[in-house]
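Subject: Structure handover

Hello,

Here is the structure I said I would pass on. Please look through it before reading the notes underneath.

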Amino acid sequence: LVLLDDEKIVLQGIQKVFHLEDYGFQVTGAFNNPLKALENLEELKPDLIITDVKMPQMDGLEFSARVKEILPDTEIVILSGYDEFSNAQHALKLGVRDYLLKPIKKADFAAMLTRMRKRIEEKAAQAAYYESLQKYAESNHTELKNQFFLELAETGKYDEGYIRTFCQQMHLDMADACMILVKVVINDVHIQGDYMSAVGKITEELKGPLEDFAGTEVFLSDEEIYFLIWGEKEEIEASEEDIRNTAESFEEELRHRQVLVYTGISRPVTGLGQLLIARNECDNQILMGSGREDQNGRGKYDLAGGDIKIPYDDIETLFAAISMNDAEKMRNSIERIYDQPANALYRDFSSSLTFLILLRLGRMISRYESEGDRELFSGRMPD
């Protein structure tokens with residue numbers, strides 16, 4: 001605490017009447033000249049300054065403005081013998097925390113000290129928290145980014161405010177960028193040798209060509225690699241076809257090397273808040289497939305000799321049952337759809353099948369509502 005008043009008796013009175021240590025303050029300077037106080041300010045670095053407003057060398061308002069230039073985080077309380085609203089208003093604009101009128105009532109002054117101590121302690125705790133967060137971020141930068149992008153892509157967990165704050169902390173100028181997501185699903189059954197080394201090699205081999213188009217962020221889960229290509233809208237849209245061709249060519253190249261992967265490429269989306277949509281597009285593309293065959297003549301989603309496949313026929317049967325409101329047929333279709341081997345396309349295959357069904361159901365309902373015709377279906381809609 002630093003005290004400033006051109007009357008020495010006031011300085012002495014404050015220290016005598018109030019046991020400042022009881023409020024958590026230690027007086028490190030008591031000045032009757034504001035110019036002298038300014039000279040010592042950087043050395044003292046007080047948490048709080050209590051100053052008079054009317055002084056011959058410099059008034060308290062000008063002094064407060066100078067203090068905020070030197071130590072912007074220092075709290076200031078002004079004491080004044082003049083009940084002038086303009087002074088108080090000006091003080092608040094300068095960032096002065098409190099404004100007390102002389103003669104000062106002991107209770108008011110004590111309450112001010114209590115408030116200021118609480119505020120200073122809260123600021124110190126917040127500063128310590130952000131410092132520890134910053135240190136943690138610096139030491140865990142890659143891990144934090146990976147977790148952030150993965151949760152955003154797979155769950156849409158974070159709101160816009162958090163996304164912007166995180167990007168600022170991580171120095172990522174991409175919160176509102178245009179972006180394309182490339183998802184690579186790895187079938188580890190077909191990877192020979194060390195799995196993690198193989199994943200690292202795949203990541204580096206595809207990341208290089210994609211970086212030629214725009215900024216590229218990579219994040220991973222146990223079985224999937226995501227490549228987020230981002231930049232200006234015109235830049236990304238102009239590169240969309242080349243990005244798609246690059247990813248699909250890489251998939252074919254890996255298949256020739258007996259490494260089985262599956263790629264999905266989203267359309268351009270704007271803003272990290274749309275990452276979940278981009279991921280769903282990738283999943284839908286992987287699940288729907290394009291009918292391409294690998295070098296052994298197997299369909300793109302026919303794994304391990306044909307034991308894994310998307311049950312399109314059963315899905316069609318399910319929707320026929322829905323249109324006819326046939327509950328038993330619905331149940332039987334669902335049982336067949338989810339009767340998949342343990343060695344599925346990837347571990348959340350059942351979740352992906354559910355997404356595919358809900359996507360189809362959403363389109364069905366949307367068409368029904370837009371046409372407003374219950375005869376759109378061969379039977380009545382189920383409850």
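The notes below start with the whole chain and then turn to its salt bridges.

Please keep in mind that this is a predicted model.

Overall picture

The chain has 383 residues, and 42% of them count as buried. Its secondary structure consists of 13 helices and 10 strands. Taking the contacts with a separation of 6 or more, 64% are between residues 24 or more positions apart. The accessible surface is about 20,900 Å², and carbon and sulfur atoms make up 49% of that.

Salt bridges

Side chains of opposite charge can pair when their charged atoms come close. There are 22 salt bridges in the structure. Three of the pairs are described here, including where each partner sits.

Asp52 and Lys102: these two side chains form a salt bridge, at 3.3 Å from N to O. Asp52 belongs to strand E3 (residues 48–52), while Lys102 is in the loop between strand E5 (98–101) and helix H5 (106–139), so the bridge ties together parts that are 50 residues apart in sequence. Asp52 has a relative accessible area of 4% and is buried. Lys102, at 26%, is partly exposed.

Glu75 and Arg97: here the side chains meet in a salt bridge of 3.1 Å, again N to O. Glu75 is in strand E4 (residues 75–80) and Arg97 is in the loop between helix H4 (85–93) and E5, so this pair joins parts that are 22 residues apart in sequence. Glu75 is buried, with a relative accessible area of 2%, whereas Arg97 is partly exposed at 38% relative accessibility. This pair also has further company: Glu75, Arg97, Arg119 and Lys123 are linked in a network of salt bridges.

Asp314 and Arg336: the closest N and O atoms of this salt bridge are 3.0 Å apart. Both partners are in helices, Asp314 in H11 (residues 312–324) and Arg336 in H12 (residues 327–337), so the bridge ties together parts that are 22 residues apart in sequence. Why does Asp314 count as buried? Its relative accessibility is 19%, and buried means under 20%. Arg336 has a relative accessible area of 39% and is partly exposed.

To go through these in the viewer, one place to begin is Glu75, which is part of the network with Arg97, Arg119 and Lys123.

Regards

Key
Residues are numbered from 1 along each chain as its sequence is written. This is a predicted model: local features need pLDDT of at least 70, side-chain atom pairs count only at pLDDT 80 or more; totals for chains, interfaces and linings use all residues. Side-chain values use heavy atoms; hydrogens and water are left out. Helices (H or I, at least four residues) and strands (E, at least two) are DSSP runs, numbered from the N terminus. Buried means under 20% relative accessible area, exposed over 50%, partly exposed in between (1.4 Å probe, protein chains only). Contact means heavy atoms within 4.5 Å. Accessible areas come from the Shrake-Rupley method with a 1.4 Å probe; for residues, only the protein chains shown count as cover. A salt bridge is a side-chain nitrogen of Lys or Arg within 4 Å of a carboxyl oxygen of Asp or Glu.
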